[in-house]
Amino acid sequence: MPNNRIWADMLGLDRAVVEGVVFDEDAGGLVASVRPKAREAGRCGVCRRRCPGYDAGRGRRRWRALDAGTLMVWIEADAPRVACREHGVTVAGVPWARHGAGHTRDFDDQVAWMATRMAQTTACRLLRIAWPTVGSIITRVGADIDAVHDRLAGLRRIGIDEISYKKGQKYLTIVVDHDSGRLVWAAVGANTATLRAFFDQLGPDRAGELTHISADAAPWIALVCDQSAPQAARIADPFHIVKWATEELDEVRKGLWRTIRRSEGTTRDHRDKRISKTEALSIKRSRWALWKNPENLTERQAAKLDWIAKTHPVLHHAWALKEGLRTVFRLGGEAGVDALDRWLKWAARCRIPGFVRLGQRVRAQREPIEASLRSGLSNGLIESTNTKIRVLTRMAYGFKSPETLIALAMLALGGHQPDLPGRPSTNPPTQE
Ligand SMILES: [Zn+2]
């Protein structure tokens with residue numbers, strides 16, 4: 001090759017010297033032989049300190065680099081070992097790749113950038129790698145980011161939640177910063193030990209700075225928060241409370257549907273049977289009309305709600321109770337606290353067993369709900385958190401290990417991302 005400098009520029013190797021580039025038939029791509037520039041050579045792969053040489057290691061090594069046009073490219077170099085005072089005998093670090101990686105740093109960064117922005121299959125096809133490889137790449141890119149950014153710095157108002165990432169009681173505990181909207185912590189498991197690990201990492205000083213903690217009503221979250229950050233106001237998550245009401249409403253609807261269907265069998269009259277069949281079907285199909293916020297109903301759904309009001313007063317009553325609870329949170333502030341008081345009385349005497357029970361459940365959470373209504377923590381902040389949680393669960397598909405899911409989630413929602421190689425940085429300057 002006449003101009004190895006151009007190759008070095010093209011491969012983004014500003015701290016290495018290209019010795020030659022050949023087409024390798026077997027590999028089906030280009031192989032660039034390189035060596036680190038003198039000041040980059042002989043450094044420990046872990047700490048990058050200069051160390052005495054140890055031996056030649058296991059000879060030449062290859063790293064997959066970004067493609068050149070349609071061709072795949074590998075970088076090939078010696079992989080000598082050095083003797084580090086701290087890390088012992090280790091393979092010398094190279095400026096173009098992370099320690100122990102089989103891909104160049106640029107390749108890694110591009111993979112990490114793509115993994116959060118496009119579908120699995122698209123990214124894999126474009127990059128010509130398998131999904132498990134994407135997993136190990138984002139895990140090491142994530143570790144790199146963690147080493148530089150302290151995600152737990154300056155936390156004041158946080159949200160804690162448990163999310164199911166797989167069928168069969170597989171949960172992650174996640175912590176979100178309400179002020180930045182970022183995911184700041186995630187770990188496998190959903191119990192006191194999991195959450196204690198978060199507070200251990202946070203440390204007592206920073207835990208003492210927390211002012212608000214929003215969470216669902218899980219007792220283990222309440223327990224750990226009361227022990228580790230007793231000064232922080234515990235705030236009920238409106239999303240979860242309203243969800244309880246929605247679930248209860250659905251039980252009422254299903255119960256009604258079953259009653260109507262049972263009565264079908266006993267009716268001999270052909271016309272009656274047809275009517276009840278239609279009725280059962282109507283109830284069955286009313287799910288969305290009952291679930292959706294009234295302002296979002298389509299005309300047909302609104303008509304269905306009118307029909308329910310006229311024909312099935314109990315179901316309509318249950319719907320009104322659900323909407324009432326939603327209104328409590330929509331009002332917020334003192335008006336919300338007053339509305340909650342009225343709602344609790346209403347639920348207590350509504351004579352729909354499920355909603356009487358719901359009333360008791362809500363009453364047990366009265367303090368965190370009132371704190372939620374009175375705090376400046378807006379519903380919108382908590383809802384955006386919940387949207388993020390749903391994004392997370394969708395990401396879970398196709399990953400075998402939850403640690404990989406966590407690495408991807410931190411990349412996507414943690415606020416720090418590697419930049420695309422060769423483009424100006426889009427990350428805000430680090431404030432630490
Ligand atoms: Zn070292």
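Student: In this predicted model, how many residues lie between β9 and β10 in their hairpin, and which glycine in the turn has a positive phi?

Tutor: The strands β9 and β10 form a hairpin whose turn includes a residue with a positive phi of about 75 degrees. Strand β9 covers residues 170-177 and strand β10 covers residues 183-188, and 5 bridges join them in the antiparallel sense. Between the two strands of the hairpin there are 5 residues, and the glycine in the turn is Gly181.

Student: Which residue of β10 stands opposite Leu172?

Tutor: Strands β9 and β10 run antiparallel, and strands of a sheet pair through backbone hydrogen bonds, either parallel or antiparallel. In this pairing the residue of β10 that stands opposite Leu172 is Val188.

Student: In what order do the 4 strands of the open sheet with mixed pairing stand?

Tutor: Strand β2 (residues 29-36) and strand β5 (residues 71-78) run parallel and are joined by 5 bridges, whereas β4 (residues 60-68) pairs with β5 in the antiparallel sense over 7 bridges. The pairing in this open sheet of 4 strands is accordingly described as mixed, and the order is β1-β2-β5-β4.

Student: Why is one side of β1 and of β4 left without a neighbour in that sheet, and by how many degrees are neighbouring strands turned against each other on average?

Tutor: Both β1 (16-24) and β4 stand at the edges of the sheet, and each has a single partner strand, so one side of each is left without a neighbour there. Neighbouring strands of this sheet are turned against each other, on average and with direction ignored, by 25 degrees.

Student: Which residues of β5 pair with Ser33 and stand opposite Arg64?

Tutor: Strand β5 is joined to β2 by parallel bridges, and within β5 the bridge partner of Ser33 is Glu76. Strand β5 also forms a hairpin with β4, with 2 residues between them and with Gly69 in the turn at a positive phi of about 60 degrees. The residue of β5 that stands opposite Arg64 is Trp74.

Student: Which strands stand at the edges of the open sheet of 3 strands, and what is its average twist from one strand to the next?

Tutor: The order in this open sheet is β3-β6-β7, and the pairing is antiparallel. Strands β3 and β6 pair over 2 bridges, with Arg81 in β6 as the bridge partner of Asp55, while β6 (residues 81-84) and β7 (residues 88-91) pair over 4 bridges. A hairpin joins β6 to β7 through 3 residues, and Cys84 stands opposite Gly88 in β7. The edge strands are β3 (53-55) and β7, and the twist from one strand to the next averages 40 degrees.

Student: Which helix gives the most residues to the largest nonpolar core?

Tutor: In soluble globular proteins, nonpolar side chains tend to be buried together. The largest nonpolar core here has 93 residues, and those with the most contacts inside it are Ala32, Ile138 and Ala409. With 8 residues, the helix that gives the most to this core is α16 (residues 402-413).

Student: From which domains does this core draw at least three residues each, and which residues belong to the other core of 5 residues?

Tutor: The largest core draws at least three residues from each of domain 1 (1-98) and domain 2 (238-374). Apart from it lies another core, of 5 residues, among them Cys51, Val82, Cys84 and Ala92.

Student: Which residues does Ala409 touch, leaving out those up to four places away in sequence?

Tutor: Ala409 is among the residues with the most contacts inside the largest nonpolar core. With residues up to four places away in sequence not counted, Ala409 touches Leu183, Ala186, Leu392 and Met395.

Student: Is the chain more spread out or less spread out than a compact globule, and what is its radius of gyration?

Tutor: The chain holds 16 helices and 12 strands. For 432 residues the globule rule gives 22 Å, and the chain lies well over that value, so it is more spread out than a compact globule, with a radius of gyration of 29 Å.

Student: What distance separates the centres of domain 1 and domain 2?

Tutor: The chain is divided into domain 1 (1-98) and domain 2 (238-374), and its C-alpha atoms fill a box of roughly 90 × 55 × 35 Å, taken along the principal axes. Taken over C-alpha atoms, the separation of the two domain centres is 65 Å.

How values were computed:
Residues numbered from 1 in each chain as written. Predicted model: local features only at pLDDT ≥ 70, side-chain atom pairs only at ≥ 80, totals over all residues. Pairing = 2+ DSSP bridges. Axes fitted to C-alpha atoms, helices over the stretch in contact; angles between N-to-C directions. Rg over C-alpha atoms; globule rule 2.2 N^0.38 Å. Core = buried A, V, L, I, M, F, W, Y, C linked by C-beta atoms within 7 Å. Buried ≥ 20, exposed ≤ 12 C-beta atoms within 10 Å, placed from the backbone. Domains from an automatic or database assignment. Contact = placed C-beta atoms within 7 Å.
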